[in-house]
Amino acid sequence: TLGLAACGGGGGGEAGTAVAGAVTFAAAPSLAPAPSPLPQANAMNVCENYRFGGRDIENLQVPDGARCVLERGVRVDGNVELGNRSEFYAEGVRIGGNLQGQRAAVTLLENSTVGGNVQLDIGGAITLRDNTVGGSIQLKENAGAVHVLSNVVDADIQLFDNRGGVVVQSNTVDGNLQCKENRPAPTGGANRVQGNKEDQCRGL
């Protein structure tokens, strides 16, 4: 559900601004069950308007304009790649490599584990909630609301040039929390950072 949540906390955000509410798994669409095995393209499993859980697969691709819902118990031994205007909803999954995409319309990842990095650029709404990330979270130039909530991150959180509002709250970060050129400025707080809180996130 995408509501409006008032922005609190520090970070120098403009007075009176609001950020669209975080995406929830309840908003994930009801889609057709996925065939077994999934369709293949370029050595990737293809999730094109499917919803499934409890399955071990190799690399996964969500094509341009497609929707994909991963339910609890999915294990991806490799990377997940999101296409232009795609929608990706995942809860309780394990991704061995990276979650990456450019121009994805919606990305939700919660209660999940990513062995590598989360890299999402030039996209829409993003919610990362209650995840463990072995690398960094890198979110750049996204136009939708960005929510980074209660994650454990082994490297850095980097939030650059996002335009839909950013909430970064209650994360545990072994590296740095780096925020630059986001408009409005990020809000949130209670982030535990081993390295430095930098620029727009100094007070968060």
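A residue counts as partly exposed when its relative accessible area lies between the buried limit, under 20%, and the exposed limit, over 50%. I jotted that down before anything else, since I wanted to place Glu 58. Its relative accessible area is 46%, so Glu 58 is partly exposed.

**Entry: what kind of model this is**

I am looking at a predicted model. I checked the confidence next: pLDDT averages 92 over the chain, and 92% of the residues score at least 70. Residues 1-16 are another matter, with pLDDT under 50 throughout. The model still has 35 contacts beyond four places in sequence for residues 1-16. I made myself a reminder that predicted coordinates should not be read in detail where pLDDT is low.

**Entry: the whole chain**

I looked up the secondary structure and found 29 strands and zero helices. I then asked about the overall dimensions. The C-alpha trace spans about 50 × 30 × 25 Å along its principal axes. The radius of gyration is 16 Å, and a compact globule of 204 residues would have one near 17 Å, so the two agree. Buried residues make up 52% of the 204. The accessible surface comes to about 8,500 Å², and carbon and sulfur atoms hold 43% of that. Among contacts with a separation of 6 or more, 12% are between residues 24 or more positions apart.

**Entry: a sheet from edge to edge**

I followed one open sheet of eight strands, in the order 7-10-13-16-19-22-25-28, with parallel pairing. Which strands are at its edges? They are strand 7 (56-57) and strand 28 (192-193), each pairing on one side only. Inside the order I picked strand 13 (residues 94-95) and strand 16 (residues 113-114), which run parallel and are joined by two bridges. Here Arg 94 stands opposite Thr 113 of strand 16.

**Entry: back to Glu 58**

I returned to Glu 58 and found it in the loop between strand 7 and strand 8 (60-62). Beyond its neighbours within four places in sequence, Glu 58 is in contact with Asn 45, Val 76 and Asp 77. I also checked Ala 43, which is 15 residues from Glu 58 in sequence and 8.9 Å away in space, C-alpha to C-alpha.

**Entry: strand 18**

Is strand 18 enclosed or open to the outside? Five of the five residues of strand 18 (residues 125-129) are buried, so the strand is largely enclosed by the rest of the structure. Ala 125, Thr 127 and Arg 129 point one way, while Ile 126 and Leu 128 point the other way, and all are buried.

I looked at the pairing partners too. Strand 15 (residues 106-110) runs parallel to strand 18, with five bridges joining them. Strand 21 (residues 146-149) also pairs with strand 18 in the parallel sense, over four bridges. Leu 128 makes a handy landmark: its bridge partners are Leu 109 and Val 148 in strand 21.

**Entry: Asn 162**

My last stop was the loop between strand 23 (157-160) and strand 24 (166-169), where Asn 162 has its place. Its relative accessible area is 0%, which means Asn 162 is buried. What does its side chain meet? A polar atom of the Asn 162 side chain lies 3.0 Å from the backbone nitrogen of Asn 142. The backbone nitrogen of Glu 141 lies 3.5 Å from a polar atom of that side chain. Leaving aside neighbours within four places in sequence, the residues in contact with Asn 162 include Leu 139, Lys 140, Val 146, Glu 181, Asn 182 and Arg 183.

Conventions
Residues numbered from 1 in each chain as written. Predicted model: local features only at pLDDT ≥ 70, side-chain atom pairs only at ≥ 80, totals over all residues. Heavy atoms only, no water. Buried < 20%, exposed > 50% of the residue type's maximum accessible area, 1.4 Å probe, protein only. Pairing = 2+ DSSP bridges. pLDDT = per-residue confidence, 0-100. Contact = heavy atoms within 4.5 Å. Polar contact = N/O pair within 3.5 Å; in protein donor to acceptor, adjacent residues only side chain to side chain. Rg over C-alpha atoms; globule rule 2.2 N^0.38 Å. Areas by Shrake-Rupley, 256 points an atom, 1.4 Å probe, with all protein chains shown as cover.
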